[in-house]
Amino acid sequence: MGTYKYHILVCGGTGCKSSQSAQIVQNLNEEIKANNLENFVKVVTTGCFGFCERGPIVKVLPDNSFYNYVKPEDAKEIINEHIIKGRRVERLLFRDPVTNKPVTDSKHINFYQKQLRIVLRNCGVIDPENIEEYIARDGYLALYKCLNELKPNEVIDIIKRSGLRGRGGAGFPTGVKWEIAAASPGPEKYVVCNADEGDPGAFMDRSVLEGDPHSVLEAMAICGYAIGAPHGLIYIRAEYPMAIKRLKIAIKQAEEYGLLGKNIFGSDFSFDIELRYGAGAFVCGEETALIHSMEGNRGEPTVKPPYPAVSGYKGKPTNVNNVETFANISPIILRGPEWFASIGTEKSKGTKVFALAGKINNVGLIEVPMGITLREIIYEIGGGIKNGKKFKAVQTGGPSGGCLTEKHLDTPIEYETLVAAGSMMGSGGMIVMDEDDCMVSVAKFYLDFTVEESCGKCAPCRIGNKRLSEILDKITKGNGTMEDIELLKNLCMVIKDTALCGLGQTSPNPVQSTLENFWDEYVEHIVDKKCRANKCKDLIHYYIDPENCTGCMACARKCPVNAIVGERKQVHVINQDLCTKCGTCLETCKFNAVYII
Amino acid sequence: MAKITSLDDLRKIKKNLEEQISLREKAENPESLVQIKVGMATSGIAAGAKEIFTFLVDELEKRNIPAIVTQTGDMGYSYAEPTVEVKLPGQEPVVFGWVTKERADEIIEKYIRNGELVEGIIPQNYKTIDDK
């Protein structure tokens, strides 16, 4: 290890930092200095270990000793015992929760590694523009196995037994979908990959396509073999230029290597893949609308049945699966359905990728086994809420989902439990909200999104959602009445019952779930004309506290509309008629003189 | 490229690549072939990964350190982008986050040359299917 014999890694994630990890670093450095070990040991602060619950975490290299619950005063013992005498500090070592024996190497603390990467197995590992790196990770081996060792119905049987369900949101069993498409008469059939990722805050499909495009191509070919389809189409939004570029490279390479095209692996099976670009309409994630869009028609849904498996693209049997669903296929073929079915819960098998976003420390992409709780995701993998604020809600399922609260934190995440809690799995966006978020405004945000994205074909969605949005707007402006809440409730039910496609049927979800979980906030907006998160501009007023104001004029200079009046060293006043409530004065004031009522 | 028609062809590519990697590992000079991956999905590039990639390629060449720099997909650490993984021969790979040009310089001078760890390490917090 070059100059340094030891490295001491101290977690600098927000969780550990709040329990004094910075002080640990300082104490360690002081001890190192006191013992003249500066050229021998180096202390390094790292990012989050994902074990926030047991923080602060300290790891010593090269022997991989893994200490947990470390306190600043333990620094002396770590240096004296571990570094100088070479004896590990037993009492601080992470213990296996089952055997209670100290575990030394952090690599073996599997119990605490909550994430399991199946879909993301190659993401961030291989060069996505080099097919050989994919092959080196057993790529295209599953396709080989299917073409040479399995009959199409056996492939379908494997997928069925694995319990894999559609990762696009609704969770329809993938094997059953393939079976229906296989039973439809051919020979002209299509395999479609739905890469029209539209939920605000979701980016897992893009990441898979950009980081591991071949996993999707291989799975599409396997699907083609299983259902007897010679053609594959990827419907991808034009806003994903990088994903499109890497897919094109991947398709070209696969064709050159003979892994796509005529007579793959010397068999009778031929399969080609083409790209189709979407213009980024949310409704085109719905499979019938997606198919119409691919045909060059307006992206509007049609009534099912007939299902695409019977009559889809160009009226031919078509199987549509989501990117993440496809990315699961090859490992299932190679490792067997029992392996896959052993992960997750009784009804939801395998893993799910979530895009963690919002007021959370470790924003990013995570892949967790089904059945994990929201608490584990938010507080252990996500590192907790930003700036130590209080957790309020987590929005899952995008505009079709709902807000889950404190009381849902320990609910295992499955397709059914999320629906029962008033939300849904959706494509896997997970937006975390804290006490500064106004739930009425959140509902309005999602409603405005659906209003914008509604294709306008059916009245409940086109007109109903617009009315919902208007009522919410009225409430956030302080003009709402209690009758409006009843109206909201009724309208939500009518839209859900009568809308044509999934977009309309689920669009009232954000309203219903916030009404259910944050009733108080609605009432406050209506009766007290108050927004507790200070987000609704029409319900708040900025004032200057004469006690604290020093007359420094900083706020008056910054105010974009010159609403603040006052002489130097005199108390300033905000002219409420001019104030646009932009909040600049609050940010500017160094004396805490600006407050909101 | 001849078309792949058999399992042997697939295995050959896998073996070739594995051999190349093990050659790198067993090379005489421990500094001979450092392997670096830069997370370059849309989010990484938006955070400046392209500049870091170019910087690493240029600087390693200038400073005469034989290394292989490749791009890869999203490592999942959106909060810490750009992210760079460095694998020194015979050692576990280390991921560094929040990589600026200054930190990239530090990674080259301290970690790659001396094995000295620098700030910004992101510990691996997941299992993969290969671990089982």
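## Reading a two-chain model: folds, strands and an interface

Author: Chain A contains 23 helices and 18 strands, and the model in front of us is a predicted one. Along its principal axes, the C-alpha trace of this chain spans about 85 × 75 × 40 Å.

Reader: How should I begin with chain A, and what percentage of its 597 residues is buried?

Author: A residue is called buried here if 20 or more other C-beta atoms lie within 10 Å of its own. By that criterion, buried residues make up 55% of the 597 residues in chain A. As for the contacts in chain A with a separation of 6 or more, 71% of them join residues that are 24 or more positions apart.

Reader: Turning to helices, how do I read which side of α17(A) holds its buried residues?

Author: The general idea is that an α-helix has 3.6 residues a turn, so residues three or four places apart point the same way. In the present case, α17 of chain A covers residues 459–476, and its 18 residues reach 25 Å from the first C-alpha to the last, close to the 26 Å expected at 1.5 Å a residue. The buried residues in α17(A) are Pro460(A), Cys461(A), Gly464(A), Asn465(A), Leu468(A), Ser469(A), Leu472(A), Ile475(A) and Thr476(A). Because they cover an arc of only 140° around the axis, they lie on the same side of α17(A).

Reader: What covers the buried residues of α17(A), and which residue takes a positive phi just after this helix?

Author: The cover includes α16 (439–453), α18 (482–498), α19 (502–506), α20 (509–517) and α21 (519–528) of chain A. Just after α17(A), it is Gly478(A) that takes a positive phi, of about 85°.

Reader: How many residues of α9(A) are buried?

Author: In α9(A), which is mostly covered, 15 of its 15 residues are buried. This helix, residues 213–227 of chain A, reaches 22 Å from its first C-alpha to its last, close to the 21 Å expected at 1.5 Å a residue. Just after α9(A) comes a positive phi of about 80°, taken by Gly228(A).

Reader: Strands next: how do I read the pairing of β14(A), and is its run with β12(A) parallel or antiparallel?

Author: In general, strands of a sheet pair through backbone hydrogen bonds, either parallel or antiparallel. Strand β12 of chain A (residues 391–396) is joined to β14(A) by 5 bridges, and the two run antiparallel, whereas β10 of chain A (residues 351–358) pairs with β14(A) in the parallel sense over 4 bridges. Ile431(A) in β14(A) is a useful point to follow, since Ala357(A) stands opposite Ile431(A), and Gln395(A) stands opposite Ile431(A) as well. Of the 6 residues of β14(A), which covers residues 429–434, 5 are buried, so this strand is largely enclosed by the rest of the structure.

Reader: In chain B, what is the order of the strands in the open sheet of 4 strands?

Author: The order is β2-β1-β3-β4 of chain B, with mixed pairing. At the edges stand β2 and β4 (94–96) of chain B, each of which pairs on one side only, and the twist averages 20° from one strand to the next. Within this chain, 6 bridges join β1(B), residues 34–39, to β2(B), and these strands run parallel; Lys37(B), for instance, has Thr70(B) in β2(B) as its bridge partner.

Reader: How do I read the interface, and which element gives the most to the side of chain B that touches chain A?

Author: As a general matter, the size of an interface is often given as the accessible area lost when the parts come together. Here the description rests on contacts: 40 residues of chain B are in contact with 54 residues of chain A. The elements of chain B that give two or more residues to this side are α1 (7–26), β2 (67–72) and β5 (126–128), and α1(B) gives the most, with 6 residues. By class, the side of chain B that touches chain A has 18 nonpolar, 15 polar and 7 charged residues.

Reader: Which residue of β5(B) is the bridge partner of Leu116(A)?

Author: The partner of Leu116(A) is Lys127(B), and 3 bridges join β5(A), residues 115–117, to β5(B), with the strands running parallel. Gln113(A), in the loop between α3 (75–85) and β5 of chain A, is in contact with Asn125(B), Tyr126(B) and Lys127(B), leaving aside its neighbours within four places in sequence. Gln113(A) counts as buried because 20 other C-beta atoms lie within 10 Å.

Key:
Residues are numbered from 1 along each chain as its sequence is written. Chains are lettered from A and ligands numbered from 1 in the order in which they are written. This is a predicted model: local features need pLDDT of at least 70, side-chain atom pairs count only at pLDDT 80 or more; totals for chains, interfaces and linings use all residues. Two residues are in contact if their C-beta atoms, placed from the backbone, lie within 7 Å. Ala, Val, Leu, Ile, Met, Phe, Trp, Tyr, Cys and Pro count as nonpolar, Asp, Glu, Lys and Arg as charged, and the others, Gly among them, as polar. Two strands pair if DSSP finds at least two bridges between them. Axes are lines fitted to C-alpha atoms, for helices over the stretch in contact, and angles run from 0 to 180 degrees between N-to-C directions. The expected span of a helix is 1.5 Å times one less than its number of residues. A residue is buried if 20 or more other C-beta atoms lie within 10 Å of its own, exposed if 12 or fewer, and partly exposed in between; C-beta atoms are placed from the backbone. The arc is that of the directions from the helix axis to the C-beta atoms.
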